[in-house]
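Visitor: Can you walk me through the ligand site and the pockets here?
Guide: Sure, have a look at the structure first.

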Amino acid sequence: MFTIALPKGRLVNKVCKLFAACGFDCEDVLADDRRLVSFSGDGGVRYLLVKPSDVAIYVERGAADAGVCGKDVLLEGENDVYELMNLGFGKCRMCVAAPVGFRENLTAPLRVATKFPNIAKAYYAGKSREIDIIKLNGSIELAPILGLSDVIVDLVETGATLRQNDLEIVETVLPVSARLIANKASMKFKAADMQKLTDALRQKGETA
Ligand code: PRP
């Protein structure tokens with residue numbers, strides 16, 4: 001049995017479409033029910049549907065042999081996994097955003113609200129800028145509106161959430177897209193399955 005962890009939410013339809021096009025049957029993953037485990041028609045592949053930010057944890061710990069998650073998740077979690085391929089979809093940007101017209105006070109630490117404290121810390125450390133991290137778990141855009149933070153570090157896809165909350169991009173931190181990741185032991189002990197998956201996906205995705 002080869003187990004693949006897939007991210008719930010925005011990416012799952014695109015992932016399943018790609019997998020199906022590559023001959024990996026994951027029709028049951030998209031069934032309109034609450035099942036978190038499903039199987040390919042031939043029973044050879046087991047799919048786990050997990051929170052996007054948890055995919056790399058399942059893969060690192062060997063609960064899944066492979067997985068699909070965003071580059072943001074990999075950088076934030078620093079999990080001990082192999083990043084095999086850039087799948088070329090789920091494209092968005094990690095950005096610093098602030099209320100329209102915001103002017104930074106360079107004499108005080110910058111208050112940064114984010115779901116991605118490690119990425120934000122590394123980014124500002126690179127600029128030698130002192131910051132105060134406010135770790136939130138969602139609706140990050142509220143923080144500067146309420147004065148809880150000066151800026152946010154968050155993902156921007158269409159930009160609609162920023163626009164509708166009177167925020168604008170100040171800087172781009174990094175581009176983000178979906179990646180195929182693998183458990184280190186599975187790369188050795190399930191090499192044939194892993195090869196089959198990467199060969200199939202390589203024709204469709206971009207190499208990392
Ligand atoms: C993400 C991200 C932004 C939004 C960006 O949030 O944190 O809020 O999507 O997308 P856009 O540029 O297309 O508007 P998500 O929808 O995952 O919800 P959350 O705020 O609960 O994290």
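Guide: One definition up front: Ala, Val, Leu, Ile, Met, Phe, Trp, Tyr, Cys and Pro count as nonpolar, Asp, Glu, Lys and Arg as charged, and the others, Gly among them, as polar. This is a predicted model, where local features need pLDDT of at least 70 and side-chain atom pairs count only at pLDDT 80 or more, while totals for chains, interfaces and linings use all residues. Residues are numbered from 1 along each chain as its sequence is written, and side-chain values use heavy atoms, with hydrogens and water left out.

Visitor: OK. How many residues surround the ligand?
Guide: 13 residues do, and the closest are K115, E141, D154, T158 and T161. A residue is near if one of its heavy atoms lies within 4 Å of the molecule.

Visitor: What is the class split of that shell?
Guide: Three nonpolar, five polar and five charged residues.

Visitor: Which polar atom of E141 pairs with the ligand, and how far apart are they?
Guide: An N or O atom in the E141 side chain is 2.6 Å from a ligand oxygen. Polar contacts here are pairs of N or O atoms within 3.5 Å.

Visitor: What about backbone atoms?
Guide: A polar backbone atom of S139 is 2.9 Å from a ligand oxygen. For G159, a backbone N or O atom lies 2.7 Å from an oxygen of the ligand. Alone, the ligand exposes 490 Å², and the protein buries 72% of that. Those areas use the Shrake-Rupley method with a 1.4 Å probe.

Visitor: Which pocket holds the ligand?
Guide: The ligand takes up the space of the largest pocket. A molecule sits in a pocket if more than half of its atoms lie within 2 Å of its grid points. A pocket is an open set of points on a 1 Å grid over the protein atoms alone, where a 1.4 Å probe fits, with protein on both sides within 12 Å along at least five of seven lines; lining residues have an atom within 4 Å of a point.

Visitor: How much space is in there?
Guide: About 1,100 Å³. Of its 44 lining residues, P52, D72, K115, F116 and L155 are closest to the centre. The lining has 18 nonpolar, 13 polar and 13 charged residues.

Visitor: And the second largest pocket, what volume?
Guide: About 200 Å³. 13 residues line it, with F24, D42, G44, V45 and K196 closest to its centre.

Key
A polar contact is a pair of N or O atoms within 3.5 Å; within protein, one must be able to donate a hydrogen and the other to accept it, and residues adjacent in sequence count only if both atoms are side-chain atoms. Grid points are joined across faces, edges and corners, and a volume is the space filled by probe spheres set on the points.
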